[in-house]
Amino acid sequence: MIFSERIRYPFELNELSKLIEVKDKNNLINLAESNPTKAGIIYEHKILNYFFKNDNLKYYPDPKGIKEAREAVLDYYKLKGVFISLEDIFLTSGTSEAYSFIFKILCDPLDNILIPFPGYPLFDYLSSLELVKTKHYRLEYFHNSGWKIDFDSIVQSIDKKTKAIVLINPNNPTGSYVSDEDKRKIIDIAKKNDIAIIADEVFFDYNIDDKVYHSFAGNKDCLTFVLSGISKILALPQMKLSWIVVSGEEKIKREAIDRLELVSDTFLSVSIPIQNALKDFFLAGEIIKKNIIERIKENYLYIKECVKDSPIRLLDTSGGWSTVIELPRILSEEEWVKKLLMEENCLVYPGYFFDFEREAFCSISLIVEKDILIRGIKSIENILQKYQI
Ligand SMILES: Cc1ncc(COP(=O)(O)O)c(C=O)c1O
């Protein structure tokens with residue numbers, strides 16, 4: 001066969017995607033919308049002015065990204081009380097690219113990385129494109145204390161080919177952060193087994209429960225890569241700018257940086273105008289972020305209020321852009337989600353998209369406009385009423 005095995009053909013749309021294809025998108029009550037530029041968020045026009053700079057006519061390639069842009073990232077961490085060095089920062093054109101760079105420097109074909117279940121579904125693609133395998137560890141939900149990492153499942157999954165453990169902090173779609181205590185345990189496991197930590201903190205600033213959590217950035221105890229970017233923290237996914245912060249014991253960190261530099265120098269993918277605008281984006285983005293934090297808190301409370309005397313159960317969510325509801329298991333996830341779509345024109349994502357261990361869960365975006373949320377929750381109530389035994 002002429003083509004690589006890493007991409008499996010034919011590409012089949014899943015059942016739900018086929019149904020969505022034929023729906024009238026304009027009338028869809030989209031509770032799965034996670035694109036902030038489609039969620040009625042106000043972006044000031046002045047953001048576009050940041051591109052009118054003479055410097056944008058010059059090209060100064062730097063595999064790490066230009067100094068001024070990395071300074072903006074450094075300042076972002078300084079405000080969190082995290083002190084890193086400019087030399088530890090790499091700009092990339094998205095978090096997916098950041099993952100691919102890290103997988104390239106850590107993994108040979110068929111090595112594996114550990115990912116959380118439930119979790120972000122893009123990992124299967126990101127890893128298989130790099131010929132890397134994924135193994136999973138569990139997050140378990142407890143009614144009185146929320147999501148917890150199952151540490152036994154981490155230890156059991158680690159083998160000789162494991163190169164890294166991925167933490168999504170807070171996780172998508174469960175909205176659970178890594179507590180300080182769990183952070184310590186993860187670092188100990190990583191050190192003991194000589195594996196790296198990859199902490200994806202794209203949603204870190206969207207805290208709902210107002211507890212204090214700490215970034216993995218600057219962790220010196222083992223090789224650590226922290227990923228973030230402006231697609232989420234400033235709600236500017238169209239600008240395509242993310243970063244990696246490398247830390248660890250000095251010698252291994254140095255080696256990781258040298259290797260990342262080589263990969264990044266091969267692509268040099270982040271455009272100069274975006275890098276030149278980053279400092280200004282951070283200033284302008286504060287208000288966007290503040291508005292989204294207000295919206296996700298308000299939306300979460302609204303759902304909580306709506307479901308309190310209903311058979312719908314809202315799971316504890318500490319942060320991020322999504323939450324999870326559990327529906328009675330009189331129907332399967334697939335059946336609930338299809339009925340909602342076909343009979344109420346309302347889209348939610350089923351738990352199996354994110355590898356929930358059991359049914360029937362649905363993920364709901366918290367960044368949607370309030371009127372969409374109100375109509376969506378009403379649709380869920382309607383469908384429950386119709387099919388409750
Ligand atoms: C956990 C997580 N990481 C990364 C991304 C993608 O980020 P980017 O747009 O920077 O590639 C997403 C997108 O939803 C995500 O959920």
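Biologist: By class, how many nonpolar, polar and charged residues are in the shell around the ligand?
Modeller: This is a predicted model: local features need pLDDT of at least 70, side-chain atom pairs count only at pLDDT 80 or more, and totals for chains, interfaces and linings use all residues. Ala, Val, Leu, Ile, Met, Phe, Trp, Tyr, Cys and Pro count as nonpolar, Asp, Glu, Lys and Arg as charged, and the others, Gly among them, as polar. On that basis the shell has 4 nonpolar, 8 polar and 1 charged residues.

Biologist: Which of the 13 residues around the ligand come nearest?
Modeller: Residue numbers start from 1 along each chain as its sequence is written. A residue is near a molecule if its C-beta atom, placed from the backbone, lies within 6 Å of it. Of the 13 around the ligand, the nearest are Gly94, Thr95, Asn172, Gly229 and Ser231.

Biologist: In what order do the 8 strands of the open sheet stand?
Modeller: Helices (H or I, at least four residues) and strands (E, at least two) are DSSP runs numbered from the N terminus. Two strands pair if DSSP finds at least two bridges between them. In this sheet the pairing is mixed and the order is E2-E9-E8-E7-E6-E3-E4-E5.

Biologist: Which strands stand at the edges?
Modeller: An edge strand here has a single partner strand, so one of its sides is left without a neighbour in the sheet. This applies to E2 (89-92) and E5 (146-149).

Biologist: By how many degrees are neighbouring strands of this sheet turned against each other on average?
Modeller: Axes are lines fitted to C-alpha atoms, for helices over the stretch in contact, and angles run from 0 to 180 degrees between N-to-C directions. With direction ignored, the average for neighbouring strands of this sheet is 25°.

Biologist: Which helix packs on the sheet, touching E2 and E9?
Modeller: Two residues are in contact if their C-beta atoms, placed from the backbone, lie within 7 Å. The helix touching E2 and E9 (242-247) makes about 155° with the direction of E9, and it spans residues 250-267: helix H9.

Biologist: How many residues of strand E7 are buried?
Modeller: A residue is buried if 20 or more other C-beta atoms lie within 10 Å of its own, exposed if 12 or fewer, and partly exposed in between. Ala196, Ile198 and Asp200 point one way from E7, Ile197 and Ala199 the other way, and all are buried. E7 is therefore largely enclosed by the rest of the structure, the count being 5 of the 5.

Biologist: Which residue of E8 stands opposite Ile197?
Modeller: Strands of a sheet pair through backbone hydrogen bonds, either parallel or antiparallel. E7 runs parallel to E6 (residues 162-168), joined by 5 bridges, and Val166 stands opposite Ile198. E7 also pairs in the parallel sense with E8 (residues 224-229) over 4 bridges. There, opposite Ile197, stands Thr224.

Biologist: What is the order of the open sheet of 4 strands?
Modeller: Its pairing is antiparallel. The order is E10-E11-E14-E13.

Biologist: Which strands pair on one side only?
Modeller: These are the edge strands. They are E10 (313-314) and E13 (349-350).

Biologist: Which residues does Pro36 touch?
Modeller: Pro36 lies in the loop between strand E1 (29-30) and helix H2 (46-49). It is buried, with 22 other C-beta atoms within 10 Å. Not counting residues up to four places away in sequence, Pro36 touches Ile41, Ala235, Pro237, Ile292 and Ile367.
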